[in-house]
Amino acid sequence: MIAGAGASIAIVDDDDSLRHSLLRLFRSVGYSVEGFASATELLSSLSLGRPDCVILDLQLPGMTGVELLRCFSVLADPPPVVVVTGNDDECLRHDCIALGARQYFRKPLDCDALLEAAREIVGQAAGDSSRL
């Protein structure tokens with residue numbers, strides 16, 4: 001079975017090159033992937049369905065990644081988030097985790113570690129739904 005079969009990933013990063021690279025990476029292992037250049041674009045899409053995992057940059061135009069995490073923190077069933085950022089500030093890392101981020105990666109990214117984090121999150125979600 002393909003690693004990401006049936007799971008959806010949302011990539012939120014305003015860097016077109018990185019966003020497209022991550023789209024290709026996740027598609028190459030079988031995920032259904034959609035890219036967004038801003039947090040507001042992602043929020044607008046949530047009415048169409050919740051992704052199984054969000055890969056979120058923190059430095060975004062308009063609403064920042066931290067502000068999006070704050071929005072998610074008040075939802076009954078927020079999508080799980082993996083933060084990717086060029087900023088490795090310990091306080092920022094702590095804030096993101098406190099707001100519900102499952103993982104925090106510093107750019108440049110370790111693609112294998114990022115894929116593994118997504119696999120774990122998607123696997124946990126599949127396990128949760130099978131227990132219902």
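The following paragraphs describe the overall fold, the strand pairing, the nonpolar cores and the surroundings of one proline in a predicted model. Residues are numbered from 1 along each chain as its sequence is written, and side-chain values use heavy atoms, with hydrogens and water left out. Because the model is predicted, local features need pLDDT of at least 70 and side-chain atom pairs count only at pLDDT 80 or more, whereas totals for chains, interfaces and linings use all residues.

The chain contains five helices and five strands, assigned as DSSP runs (helices: H or I, at least four residues; strands: E, at least two) and numbered from the N terminus. Read from the N terminus, the order of elements is β-α-β-α-β-α-β-α-β-α. For 132 residues, a compact globule would have a radius of gyration near 14 Å, and the value for the chain, 14 Å, agrees with this; the radius is taken over C-alpha atoms, and the globule rule is 2.2 Å times the number of residues to the power 0.38. The C-alpha trace spans about 35 × 30 × 30 Å along its principal axes. The accessible surface of the chain (Shrake-Rupley method, 1.4 Å probe; for residues, only the protein chains shown count as cover) amounts to about 6900 Å², 52% of which belongs to carbon and sulfur atoms. Of the 132 residues, 41% are buried, where buried denotes under 20% relative accessible area, exposed over 50%, and partly exposed in between (1.4 Å probe, protein chains only). Contacts are defined by heavy atoms within 4.5 Å; among those between residues at least 6 apart in sequence, 62% join residues at least 24 apart.

Strand pairing, which requires at least two DSSP bridges between two strands, links strand E1 (8-12) to two partners. E1 runs parallel to strand E2 (residues 32-36), to which five bridges join it, and Ala10 stands opposite Glu34 in E2. E1 is also parallel to E3, with four bridges, and here Ile9 faces Cys53. Four of the five residues of E1 are buried, so this strand is largely enclosed by the rest of the structure. Together, E1, H1 and E2 form a right-handed β-α-β unit; right-handed means that, with the strands pointing away from the viewer, the path from the first strand over the helix to the second runs clockwise. E4 pairs in the parallel sense with strand E5 (residues 103-106) over four bridges, and Val83 is placed opposite Tyr104 in E5. The connection from E4 to E5 passes through helix H4 (residues 90-98) and is likewise a right-handed β-α-β crossover.

A nonpolar core is a set of buried Ala, Val, Leu, Ile, Met, Phe, Trp, Tyr and Cys residues joined through side-chain atoms within 4.5 Å. The largest such core has 22 residues, and those with the most contacts inside it are Ile9, Ile11, Phe26, Tyr31, Ile55, Val82 and Leu114. Two or more residues each come from E1, helix H1 (16-28), strand E3 (53-57), strand E4 (81-85) and helix H5 (111-130), with H5 giving the largest share, six residues. Apart from this core lies another, of 20 residues, including Leu58, Leu60, Phe72 and Val83. Beyond residues up to four places away in sequence, Val82 touches Cys53, Val54, Ile55, Leu56, Gln103, Phe105, Leu114, Ala117 and Ile121.

Pro78 is located in the loop between helix H3 (65-73) and E4. Pro78 is partly exposed, with a relative accessible area of 30%. Outside its neighbours within four places in sequence, Pro78 contacts Arg50 and Phe72. Pro78 and Cys53, 25 residues apart in sequence, have a C-alpha to C-alpha separation of 9.7 Å.
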